[in-house]
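Student: Hey, I've got this structure open and I'm a bit lost. Can we walk through it together?

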Amino acid sequence: MSSNLVTFRIAADPPARLDKALSRDVPEAAALSRTRLARLVAEGAVRVNGAVEANPKARVADGDVVEITLAVAEKSHIGPEEIALDVVYEDDELVVINKPAGLVVHPAPGTPGGTLVNALLHHCGQSLSGVGGVARPGIVHRIDKDTSGLLVVAKSDRAHQGLADQFEKHTIERHYLALVHGVPDANDPRLRGIPGVSFEPGNILKITTRLARHKHDRQKQAVLFDGGRHAVTRARIAESFGNPPVLALMNCWLETGRTHQIRVHMAHAGHGLVGDPVYGGRRRIAEKALSPAAVAAVKAFPRQALHAATLGFVHPVSGAELQFEAPLPADMAALLAVLRG
């Protein structure tokens, strides 16, 4: 990658620490968030008066010259493809997409084309953020191939930095609808005996674990309590189905956002998602509790029944609070209609 240089002087009465002084005085046009600045300091990309300064607590003085070396994203090898997109919102800085199930977000060895990124390159032209380098142009977060729903994509570098900062601080609002086996209940002694599982007032299921790649299957995530990354999911019953109830539509929301988090957390609690080929397990359906049509519909559902229904964040440039909702896709809506029938 080539690079460019951001140069400026520390203003009067600087904060005691380098990282705080950089956050205050870096030119707004550089679009560098506090998180990105901290990373650049750690990487040795910051010079003060000509000398590399990798200590975020270093002292700076009025008039010190700061140089920050930024890598410039190389031109992406990914090509544009004319793929229809459901655009929920768009401006010069970002675009919000309602992704259909089955659409991969980013090209990978097994899926070199036909992805959301290919579609975005066609839709947006060259106006996608390059902060992620050639690997993920514009992509700030992802949802699984067979999960439907909302995600936001950065069109400018400053939007990318601002959104990434919100994701890192876990201030993004994300609610998912998931159809799961069983009905989580605070009075269930089985649930109270599972490590990391608890309940908050209002029958809110809370799952707190650590997540990491599975030792023997790199395509899966595994629940850990030592190592891995901190992960918290909350869920509340929106609707239950069956007589007695044997399935539940859960409103799940994320405090953190890890790969497969809802899927693996609900499975850990013994309430795997309907149709999930990886974590759902071979759950037997209590056929006497549901109509034959409902049993058949559940067995035939071809994907994890998971939909990113709500997305809320602060616009990284204007500061406006934005919130978007996406209705259930046709396949999940049809499944719920059969269950209600």
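Tutor: Sure, let's start with two helices: α7 passes α8 in a left-handed crossing. Keep in mind that this is a predicted model.

Student: Okay, which residues make that contact?

Tutor: On α7 they are A293, A294, A297 and V298, and on α8 they are L335, V338 and L339.

Student: And how do people describe two packed helices in general?

Tutor: They give the angle between the two axes and the distance between those axes. Here α7 (residues 292–300) and α8 (residues 330–340) pack at about 155°, and their axes are 8 Å apart.

Student: So are α7 and α8 roughly parallel or roughly antiparallel?

Tutor: Angles over 145 degrees count as roughly antiparallel, and therefore α7 and α8 are roughly antiparallel to each other.

Student: Cool. Switching to strands now: how do β12 and β13 pair?

Tutor: In the antiparallel sense, over eight bridges, with β13 covering residues 247–254. For an example, R234 has W253 in β13 as its bridge partner.

Student: What links β12 and β13?

Tutor: They form a hairpin, with five residues between them. In that turn, G242 has a positive phi of about 110°.

Student: What else does β12 pair with?

Tutor: Strand β10, residues 204–213, pairs with β12, residues 229–241, in the antiparallel sense over seven bridges. There, T209 stands opposite A231 in β12.

Student: And which strand do seven bridges join to β13?

Tutor: That's β8, residues 173–181, which runs antiparallel to β13. Look for A178, whose bridge partner in β13 is M250.

Student: Is β13 mostly covered or mostly open?

Tutor: Mostly covered: seven of its eight residues are buried.

Student: Back to helices. How many residues does α4 have, and how far does it reach?

Tutor: Helix α4 (residues 157–168) has twelve residues. From its first C-alpha to its last it reaches 16 Å, close to the 16 Å expected at 1.5 Å a residue.

Student: Which residues of α4 are buried?

Tutor: They are A159, H160, Q161, G162, L163, D165, Q166 and F167.

Student: What do those buried residues pack against?

Tutor: Quite a list: α2 (34–42), β6 (94–99), β7 (148–154), β8 and β14 (306–314). You've met β8 already, as the strand joined to β13 by seven bridges.

Student: Last one: what does H170 do just after α4?

Tutor: H170 takes a positive phi, of about 60°.

Key: Residues are numbered from 1 along each chain as its sequence is written. This is a predicted model: local features need pLDDT of at least 70, side-chain atom pairs count only at pLDDT 80 or more; totals for chains, interfaces and linings use all residues. Side-chain values use heavy atoms; hydrogens and water are left out. Two strands pair if DSSP finds at least two bridges between them. Helices (H or I, at least four residues) and strands (E, at least two) are DSSP runs, numbered from the N terminus. Buried means under 20% relative accessible area, exposed over 50%, partly exposed in between (1.4 Å probe, protein chains only). The expected span of a helix is 1.5 Å times one less than its number of residues. Contact means heavy atoms within 4.5 Å. Axes are lines fitted to C-alpha atoms, for helices over the stretch in contact, and angles run from 0 to 180 degrees between N-to-C directions. Angles under 35 degrees count as roughly parallel, over 145 as roughly antiparallel, 65 to 115 as roughly perpendicular and the rest as oblique. A crossing is left-handed if the near helix is turned anticlockwise from the far one by less than a right angle, and right-handed if clockwise.
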